[in-house]
Amino acid sequence: PKPDKLDVTLNDMIAAVQRRMQLLMPLEPPDVPLPAPKIITVPEMAGRIRDRLAQQEWLSFEDVLSVAALRVEVVVALWAVLELLKRRAVVVEQQELFGPIMIGRGANLSATDLHALGIEE
């Protein structure tokens, strides 16, 4: 069967494409600046880890990541663990290949200055 003729002109089709392209354009920024989301810092994340280790002897790295909602918070969590490990505030163990990474209390856990865990010059 022959298809029915469309009752559309070339100008109608171009206008439809232009309307669709306008939907893809970003919206104008708001007049009032929106508050930036609070991103956790390395000392804050280290404090959370230390508080959790005060309650329990071991915790998994996945538990630490469970509070991280953004990609940058995952990086901050890893950085905090590495800084605590460097200062011997925590110990890190992995029993088997691709197994859970466990974080435990280190010798200097209570003595570590959390404010000094930021970027060092």
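## Close-up views of a predicted model

Of the 121 residues in the protein chain, 25% count as buried. The model shown here is predicted, and the legends below walk through it from the whole chain to single residues.

**View 1. The whole chain, with its 4 helices and 3 strands.** Following the sequence, the elements come in the order α-α-β-α-α-β-β. How does the radius of gyration compare with that of a compact globule of 121 residues? Such a globule would have a value near 14 Å, whereas the protein chain has 26 Å. Along the principal axes, the C-alpha atoms fill a box of roughly 80 × 45 × 30 Å. The exposed area of the protein chain is about 9900 Å², and carbon and sulfur atoms supply 60% of it. Turning to contacts between residues at least 6 apart in sequence, 56% join residues at least 24 apart.

**View 2. The largest nonpolar core, a set of 18 residues.** Which members touch the most other members of this core? They are Met45, Ile49, Leu53, Val64 and Ile103. Two or more residues of the core come from each of helix 2 (42–55), helix 3 (61–65) and helix 4 (71–86). Val64 makes a good place to zoom in. Once its neighbours within four places in sequence are set aside, Val64 is in contact with Met45, Ile49, Leu59, Ala77 and Ile103.

**View 3. Glu83, Lys86 and Arg87, joined into one network by salt bridges that share partners.** The side chains of Arg87 and Glu83 meet at 2.3 Å, N to O. Glu83 also forms a salt bridge with Lys86, here at 3.5 Å, N to O. Glu83 and Lys86 both belong to helix 4 and lie 3 residues apart, about one turn of the helix. Which of the terms buried, partly exposed or exposed fits each partner? Glu83 counts as buried because its relative accessibility is 10%, under the 20% cut-off. Arg87 is partly exposed, with a relative accessible area of 22%, while Lys86 is exposed at 51%.

**View 4. The salt bridge between Lys38 and Glu44.** How many salt bridges does the model have? The count comes to 3, and the one in this view joins the side chains of Lys38 and Glu44 at 3.1 Å, N to O. Lys38 counts as exposed, with a relative accessibility of 60%. Glu44 has 34% and counts as partly exposed. As background, side chains of opposite charge can pair when their charged atoms come close.

**View 5. Glu73, a buried residue with no salt bridge.** Glu73 is placed in helix 4. Where is the nearest side chain of opposite charge? That side chain belongs to Arg48 and is 6.7 Å away; a salt bridge needs a distance within 4 Å, so this pair does not qualify. What does Glu73 touch, leaving out residues up to four places away in sequence? Its contacts are Lys38, Ile39, Ile40, Met45, Val67 and Ala68.

**View 6. Ser60 in strand 1 (residues 58–60).** Is Ser60 buried or exposed? Ser60 is buried, with a relative accessible area of 14%. Not counting residues up to four places away in sequence, Ser60 touches Ile101 and Met102.

**View 7. Ala54 in helix 2.** Ala54 is exposed, and its relative accessible area is 60%. What separates the C-alpha atoms of Ala54 and Ala111? The two atoms are 13 Å apart, and the residues are 57 residues apart along the chain.

**View 8. Arg88 and Phe98, two residues with positive phi.** Most residues other than glycine have a negative phi, which makes these backbone angles worth a look. Arg88 has a phi of about 60 degrees. Where is Arg88 placed? Arg88 sits in the loop between helix 4 and strand 2 (90–93), and it is exposed, with a relative accessible area of 62%. For Phe98, phi is near 65 degrees. Phe98 lies in the loop between strand 2 and strand 3 (102–105). Phe98 is also exposed, with a relative accessible area of 77%.

Key
Residues are numbered from 1 along each chain as its sequence is written. This is a predicted model: local features need pLDDT of at least 70, side-chain atom pairs count only at pLDDT 80 or more; totals for chains, interfaces and linings use all residues. Side-chain values use heavy atoms; hydrogens and water are left out. A nonpolar core is a set of buried Ala, Val, Leu, Ile, Met, Phe, Trp, Tyr and Cys residues joined through side-chain atoms within 4.5 Å. Buried means under 20% relative accessible area, exposed over 50%, partly exposed in between (1.4 Å probe, protein chains only). Contact means heavy atoms within 4.5 Å. Lys and Arg count as positive and Asp and Glu as negative; His and the chain ends are not counted. The radius of gyration is taken over C-alpha atoms; the globule rule is 2.2 Å times the number of residues to the power 0.38. Accessible areas come from the Shrake-Rupley method with a 1.4 Å probe; for residues, only the protein chains shown count as cover.
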